[in-house]
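Reader: Hi, could you take me through this one slowly? I would like to start with the charged side chains.
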Amino acid sequence: MSSSKHRYRITVTPIEADGLQCSGRCTIEFEQRSPRNWMRELEGAQRQRRLSCNEDASVVVATGLLETLAAAAREDGHPLAALQPELDGLIAKLQTLRDAQ
């Protein structure tokens, strides 16, 4: 993977049954770097209108996260090394889906 040019802050906040955000300490937030421009990829995917907006966003973000995990798993002794073939296969399938757009 080439050098990371883009930084993303990913926030996951559960939504309560009443539609409001949860209260208290319930948000997961982390930073992710990527050599690819996820925003541009999402815009391109949404122009194709093959998936819903949520599905397009999920595919773009999930692919970026999986690529980072796969790169880390290639390091000797990494705990995810055993998943390397599956990660690579899933990334290839997601890339095929994105390329079809």
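**Salt bridges and a loop**

Author: Let us begin with R9, which is exposed, with a relative accessible area of 58%. Please keep in mind that this is a predicted model.

Reader: Okay, and which side chain does R9 meet in a salt bridge?

Author: The partner of R9 is E29, and their side chains form a salt bridge with an N to O distance of 3.6 Å. Because E29 lies in strand β2 while R9 lies in strand β1, the pair ties together parts that are 20 residues apart in sequence.

Reader: How many salt bridges are there by this rule?

Author: The count comes to 6 salt bridges. Among them is the one between R33 and E31, at 3.6 Å from N to O, and these two residues are also linked with R7 in a network of salt bridges.

Reader: Are R33 and E31 buried or exposed, then?

Author: R33 counts as partly exposed, at 42% relative accessibility, and E31 is likewise partly exposed, with a relative accessible area of 39%.

Reader: What about D88, which side chain does that one meet?

Author: D88 meets R74 in a salt bridge of 2.9 Å, N to O. This pair links distant parts of the chain, since D88 sits in helix α3 and R74 in the loop between α2 and α3, 14 residues apart. D88 itself is partly exposed, with a relative accessible area of 31%.

Reader: Changing topic, where is I15 found?

Author: I15 is found in the loop between β1 and β2. This residue is exposed, because its relative accessible area of 62% is over the 50% cut-off.

Conventions. Residues numbered from 1 in each chain as written. Predicted model: local features only at pLDDT ≥ 70, side-chain atom pairs only at ≥ 80, totals over all residues. Heavy atoms only, no water. Helix = DSSP H or I, 4+ residues; strand = E, 2+ residues; numbered from the N terminus. Buried < 20%, exposed > 50% of the residue type's maximum accessible area, 1.4 Å probe, protein only. Salt bridge = Lys/Arg side-chain N within 4 Å of Asp/Glu carboxyl O.
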